[in-house]
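Reader: I am new to this structure. Please pick one strand, look at it closely, and then show me what surrounds it.

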Amino acid sequence: MNRIAHRRTKIAALGAALLITAGAAGSAVASGDDAPGRGGAREAAALTGTAKLYRPAGDDITFTFDAHLAKEHNMDPRAATGTFRFSHYTDTWGAAAEVKVDCLITGGKVAVVTGVVTKADGVAAGAVGKRVGVTVHDLGGHDRLGYSWAATGVPGEGEPLPCTSAAPFEKVKAGSGDWKVLPWIPEYPQAGA
């Protein structure tokens with residue numbers, strides 16, 4: 001085999017390898033976008049998982065999310081369903097709350113979820129029946145979180161509107177868990193339709 005033929009064979013082999021690699025990567029991306037959610041089809045948006053916040057004083061602060069926007073409600077974030085829970089404990093006091101989701105919007109790896117507190121104790125007890133909001137930035141194990149009561153210090157004070165919350169200023173405690181955000185892909189009507 002002469003030099004030119006040998007080089008063409010190598011280039012063809014490299015090209016085939018690149019096509020196979022690109023095809024596999026494309027399949028992985030496509031299957032991730034079409035991953036089944038509730039009901040067997042990709043849901044419109046989701047925020048799931050559990051993690052603890054980092055606090056130098058050792059406070060035990062946990063947020064757990066199971067919030068979903070079904071595919072058939074893609075253009076109605078206020079049709080989101082699910083729950084989220086949060087708790088905050090120190091050596092001397094504690095509080096916990098459960099929240100029924102009433103809105104979920106995600107964009108890329110950021111999610112904003114709101115809901116009405118259905119159960120609470122401790123300093124959060126006054127939040128029952130009130131809306132609270134949480135923002136999560138999914139950074140793969142280094143997630144960040146913000147909550148609507150950041151400025152007041154007490155959940156339920158200064159109720160946010162649906163799907164509004166504070167910037168994600170808190171950090172996750174290393175190794176304590178992870179939150180997952182499924183990006184929302186709005187389906188806008190076509191021009192002239």
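Author: Start with strand β2, in what is a predicted model. Of the 10 residues of β2, 8 are buried, so the strand is largely enclosed by the rest of the structure. The strand spans residues 60-69.

Look at its partners next. β1 and β2 run antiparallel and are joined by 8 bridges. β2 and β3 also run antiparallel, with 9 bridges between them. A67 shows both pairings. It stands opposite L47 of β1. It also stands opposite G82 in β3.

Now turn to the side chains. The largest nonpolar core holds 34 residues. Four of them touch the most other members: L47, F63, F65 and W179. Several strands give two or more residues to this core. They are β1, β2, β3, β4, β5, β6, β7 and β9.

F63 and F65 deserve a closer look. Both are buried. Their ring centres lie 6.2 Å apart and their planes meet at 15°, so the pair is stacked; the cut-off for stacking is under 30 degrees. F65 has a long list of contacts, leaving out residues up to four places away in sequence. Among them are L47, T48 and G49. T83 and F84 are there too. So are V113, V134, V136, L145 and W179.

The count of aromatic pairs comes to 9. Y147 and W149 form a stacked one. Their rings are 4.8 Å apart, centre to centre, with 25° between the planes. Both residues are buried. One aromatic cluster takes in F63, F65, F84, F86, Y147, W149, F169 and W179. It therefore includes both stacked pairs, F63 with F65 and Y147 with W149.

Follow one contact of F65 outward, to V134. V134 is found in strand β6. Its relative accessible area is 0%, so it is buried. Leaving aside neighbours within four places in sequence, V134 is in contact with F63, F65 and F84. Its contacts also include A111, V112 and V113. L145, G146, Y147, W149 and S165 are further ones. Take W149 as an example. V134 and W149 are 15 residues apart in sequence. Their C-alpha atoms are 9.0 Å apart in space.

Next, the disulfide. A search of the whole structure finds 1. C103 and C163 form it, with their sulfur atoms 2.1 Å apart. It links distant parts of the chain, 60 residues apart. C103 sits in strand β4, while C163 sits in the loop between β7 and β8. The torsion about the S-S bond is about -110°, so the disulfide is left-handed. Both ends are buried: C103 has 3% relative accessibility, and C163 has 12%.

Finally, go to the loop between α1 and β1, where R42 is found. R42 has 15% relative accessibility, so it counts as buried; the cut-off is under 20%. Its side chain has two backbone oxygens to note. The oxygen of P183 lies 2.7 Å from a polar atom of the R42 side chain. The oxygen of A44 lies 3.5 Å from a polar atom of that side chain.

Notes
Residues are numbered from 1 along each chain as its sequence is written. This is a predicted model: local features need pLDDT of at least 70, side-chain atom pairs count only at pLDDT 80 or more; totals for chains, interfaces and linings use all residues. Side-chain values use heavy atoms; hydrogens and water are left out. A disulfide is a pair of cysteine sulfur atoms within 2.5 Å. Helices (H or I, at least four residues) and strands (E, at least two) are DSSP runs, numbered from the N terminus. Buried means under 20% relative accessible area, exposed over 50%, partly exposed in between (1.4 Å probe, protein chains only). A polar contact is a pair of N or O atoms within 3.5 Å; within protein, one must be able to donate a hydrogen and the other to accept it, and residues adjacent in sequence count only if both atoms are side-chain atoms. A nonpolar core is a set of buried Ala, Val, Leu, Ile, Met, Phe, Trp, Tyr and Cys residues joined through side-chain atoms within 4.5 Å. Contact means heavy atoms within 4.5 Å. Rings of Phe, Tyr and Trp (its six-membered ring) pair if their centres lie within 6.5 Å; planes under 30 degrees apart count as stacked, over 60 as edge-to-face and the rest as tilted. Two strands pair if DSSP finds at least two bridges between them.
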